[in-house]
Amino acid sequence: MLPQEIQTAVAEFLELHDLARLVRVNKDWNHSCTPILWRALEITGEFQYKWFCSVRALRSLSRQGHHIRTLRTLFPYTLIPFQDADVIPDLHLTRLELTIPPRANLLTEDHTVHIINIIKRSPSLQHLYIGSICRHPGQLFFAIDKHLTRLRYLSLFNISYSDQSFRPDHYPRIGFRLLKAFFDNLPSELEYFALGAHTFWNEGTKENGHSKLDIENYAHDETDFLEFERYFGPGVAKQHKHLKILSLRGMEGDQDKVLPVFLRGCPNLEVFDNPTPDRITARPITGYKLVQAALEEAVGYHLKDLTVVAGEESEWETDGDIAHTISTALSSITGNSFKEVWNKINIQRDCSSSMKATAEAIGRTCQKDLVILRIKNASTMESTDVQLILSHASALREFSSTRSPRLVARDMVAKPWACQWLTTLCVQICGIPRPDLEMDEHGQVLYAVDRKTCRGCFLGRKDIQRQVYQQLGRLVCLEVLNLSCVYREGSRDIYPLDSNPGEPSFNSGLQTDCLDWTLESGLGQLASLKELREVDVRMTWHRLGVRELEWMIQQLPRLNVLKGLNPMADPSSLTGDYISELGVEMWARSHKPDWLPCSRR
């Protein structure tokens, strides 16, 4: 019989199905494996939810609930047993993640009460994620500030344009006094904070153009604000010296009344992210003078936005002109001796020539400051230039384009990326040998040796794919992964047509030197991307099958959209012929995952 500590060490490396078998071997193995087996409880599918609601499951939960450290669920009602001390006497949660399916994205008052009760029972909570919207979050805010003093990661209502049901009015509208009190009293150990919310511009009155519902919400928030003031006292603001990432999605309204005092207490802030989709009219953070002044005082730099527009009379003429403007930030100092930095660069000019000078300027000038980089047409950008930006811009959160650049796998894996906080990535990854294919995108016969040498890839097929997956797997904040060559705003979801087995066919335009998206080639390394919401693999010759789709259900709990796999789509000129794995269409029809458009028809 192995010593107890050896058994525990062995159990740490086992899969769940192996642990489930070992606990039945004898008492020693049961004692070693049970805490690990119950360490994380994930209820992300209908089958798991039905099991959880059974009497047998609740009895097991009552016996083993004290082992659970991570609770991740799509279903708010699974929180009920965890708030009851009679069911789980000792609750030791350190991570709580609640993501609601797209068809039910609003939290009811009962759901909010369940969350608050769990927070009160979990003072050791370090990671809290609530993806759905709470219409009146005041009591939730108060519970977080009062009870979660050890919290390090906090993400609330952080929906985005990649979510299927996104609308601007989904963000809760919160009175500025309540929001300011919440910010000022956030846990001092916080390292990451993301919030999706609107603030009231002024007092909630009809004279200021507010609706009846706004006025009622404002009165509700004022009541909750008074509770903050009674407990924390007026005008008190904590220091947040550990905070590195601040993301305020949809944050409109009176930021000057909410953020300045908070920002002055964040001297080590690395990324200030204020993401808004292009279709939403919102003032950028660079438009608020008091917010800018607070940032200057806290971290010593002044944020700037650069927009390059198209037009015959535009001052932007060449790649060198854009590069020169970007480079000026190195020598630009404000009147108060604060360095000016580029927080956002938006190049809407349709560049038809090389963008090498622009890429080099970004890589040299924007290593610690650039958060958003949007390029209308980046297809002329070379692979080495893309790699230069991603391996130097450490604060980058969005790298997007309507026409994505090509990134050769050899360049991609040559150096680790610095953009560890990236949320949106739009590139075509190419140069991957595919011995499973007989023709390239032009219908030419491929030969194994030629395929490896012509693209500059001398590694084996599986080796290079695994290294690519490894590089992507480090982007733990990634929400949107677009690997397609088609326009990002395209509405059609491309899926291969059915063909007779054993009769390979050809589609001109499908990328053939791409990731094959199979577990065999290393797809499992993307299991770390728990924030991933949208995947776009249109016009790529992938081999996504039933195993991979089932893996996505288990490992990507926030996935909302998968573009490029639509068994029910009508044939189009972009679709063409393709051999698909048998059973995919039947699987999609039977399981109906929310992230497949075909299953929502």
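**Exercise 1.** What covers the buried residues of H19?

*Solution.* Note that the model is predicted. Start with the helix itself. H19 spans residues 546-555. Its buried residues include Val546, Glu548 and Leu549. Trp551 and Met552 are buried too. Now look at the cover. It includes strand E22 (561-563). Helix H20 (584-591) is also part of the cover.

**Exercise 2.** Describe how helices H7 and H8 pack against each other.

*Solution.* Two packed helices are described by the angle between their axes and the distance between the axes.

Step 1: locate the helices. H7 covers residues 138-147, and H8 covers residues 176-184.

Step 2: take the distance and the angle. The axes come within 9 Å and cross at roughly 15 degrees.

Step 3: classify. Angles under 35 degrees count as roughly parallel, so H7 is roughly parallel to H8.

Step 4: give the handedness. The crossing is left-handed.

Step 5: list the contact. H7 contributes Gly138, Phe141, Ile144 and Asp145. H8 contributes Leu178, Leu179, Ala181 and Phe182. These residues divide into 6 nonpolar, 1 polar and 1 charged.

**Exercise 3.** Trace the open sheet, then find the partner that stands opposite Tyr129.

*Solution.* Step 1: write the order. The 8 strands run E1-E2-E3-E5-E7-E9-E11-E12, with parallel pairing.

Step 2: find the edges. They are E1 (40-43) and E12 (271-273), since each pairs on one side only.

Step 3: check the turn. Neighbouring strands are turned by 5 degrees against each other on average, direction ignored.

Step 4: zoom in on one pair. E5 (residues 127-130) and E7 (residues 153-156) pair over 4 bridges in the parallel sense. Opposite Tyr129 stands Ser155 in E7.

How values were computed:
Residues numbered from 1 in each chain as written. Predicted model: local features only at pLDDT ≥ 70, side-chain atom pairs only at ≥ 80, totals over all residues. Heavy atoms only, no water. Axes fitted to C-alpha atoms, helices over the stretch in contact; angles between N-to-C directions. Helix = DSSP H or I, 4+ residues; strand = E, 2+ residues; numbered from the N terminus. Parallel < 35°, antiparallel > 145°, perpendicular 65-115°, else oblique. Left-handed = near helix turned anticlockwise from the far one by under 90°. Contact = heavy atoms within 4.5 Å. Nonpolar A, V, L, I, M, F, W, Y, C, P; charged D, E, K, R; others polar. Buried < 20%, exposed > 50% of the residue type's maximum accessible area, 1.4 Å probe, protein only. Pairing = 2+ DSSP bridges.
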